[in-house]
Amino acid sequence: MREVISEQDLQDRISKLASIINNDEFNLKRPVVFVGILNGAFMFFSDLVKKINLPIEIDFVRVKSYDGQNRKEIKFTKDLEVDVKGKHVYLVDDIIDSGHTMKFLMDKFSERGAIHVTPITAIYKENLVIPEALCILKYSQDSPWFVGYGMDHEDGTCRNIETILELDGK
């Protein structure tokens, strides 16, 4: 495994993302909801929302779309409790890979009346489904497997590592 970003660099980049959000005038005019996608986003989500200087609501969703590395139908295993109608939603995940899960959630929250849904992710892999997102790191689609900082290995371990690592041989 190889460290791709130090803890300090990670926190510095999160501060920059928070600054972009804190300085967006749109957020002063509408209610704001931050939604963390479990399980992977928990560390990134926590660090990010602590740096937000706006009145915000917080909620979490959990969806299942993978069995190991195999894609299957996307469905909620934990849905929102907060009403997003008329609100700006920041949807926070650990990684946007194919973009299908993020697109599914963005569409669902738009259908529920969210004024705007903005994707935020620790790692953004370029894809055709979600053309852009607020992110810390950007990679091509053929990049390696990442673990740590909420992201897990195929066996479910490594989420508790405080930085992001690249797995060798993936």
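**Close-up views of a predicted model**

**View 1. Asp168 and its neighbour Trp145.** Asp168 sits in the segment that follows strand E9 (164–166). This and the other views show a predicted model. Asp168 has a relative accessible area of 56%, so this residue is exposed. The cut-off for exposed is over 50%. Trp145 is 23 residues away from Asp168 along the chain. Their C-alpha atoms are 8.2 Å apart.

**View 2. A positive patch on the surface.** Four residues to find here are Arg62, Lys64, Lys72 and Lys75, which gather into a patch of positive charge. Two strands contribute: E3 (56–67) and E4 (70–78). Each of these strands supplies at least two residues of the patch. Lys75 belongs to strand E4. Its relative accessibility is 47%, so Lys75 counts as partly exposed. Patch members need over 30% relative accessible area and no salt bridge.

**View 3. A negative patch on the surface.** Glu3, Glu7, Asp9, Asp12 and Glu162 form this patch of negative charge. Helix H1 (residues 7–22) gives the largest share, three residues. Glu7 is found in helix H1. With 42% relative accessibility, Glu7 is classed as partly exposed.

**View 4. Asn27 and the backbone of Ile21.** Asn27 lies in helix H2, which covers residues 26–29. Is Asn27 buried or exposed? Its relative accessible area is 5%, so Asn27 is buried. The cut-off for buried is under 20%. A polar atom of the Asn27 side chain lies 2.9 Å from the backbone oxygen of Ile21. The limit for a polar contact is 3.5 Å between N or O atoms.

**View 5. Helix H3, largely enclosed.** Helix H3 spans residues 42–49. How many of its eight residues are buried? Six are, so the helix is largely enclosed by the rest of the structure. Three of the buried residues to locate are Met43, Phe44 and Phe45. Asp47, Leu48 and Val49 are buried in H3 as well. Asp47 is thus an acidic residue to look for among the buried members of this helix.

Definitions and conventions
Residues numbered from 1 in each chain as written. Predicted model: local features only at pLDDT ≥ 70, side-chain atom pairs only at ≥ 80, totals over all residues. Heavy atoms only, no water. Patch = residues over 30% accessible without salt bridge, like charges linked within 9 Å, V, L, I, M, F, W, Y side chains within 5 Å. Areas by Shrake-Rupley, 256 points an atom, 1.4 Å probe, with all protein chains shown as cover. Salt bridge = Lys/Arg side-chain N within 4 Å of Asp/Glu carboxyl O. Charge placed at Lys NZ, Arg CZ, Asp CG, Glu CD. Helix = DSSP H or I, 4+ residues; strand = E, 2+ residues; numbered from the N terminus. Buried < 20%, exposed > 50% of the residue type's maximum accessible area, 1.4 Å probe, protein only. Polar contact = N/O pair within 3.5 Å; in protein donor to acceptor, adjacent residues only side chain to side chain.
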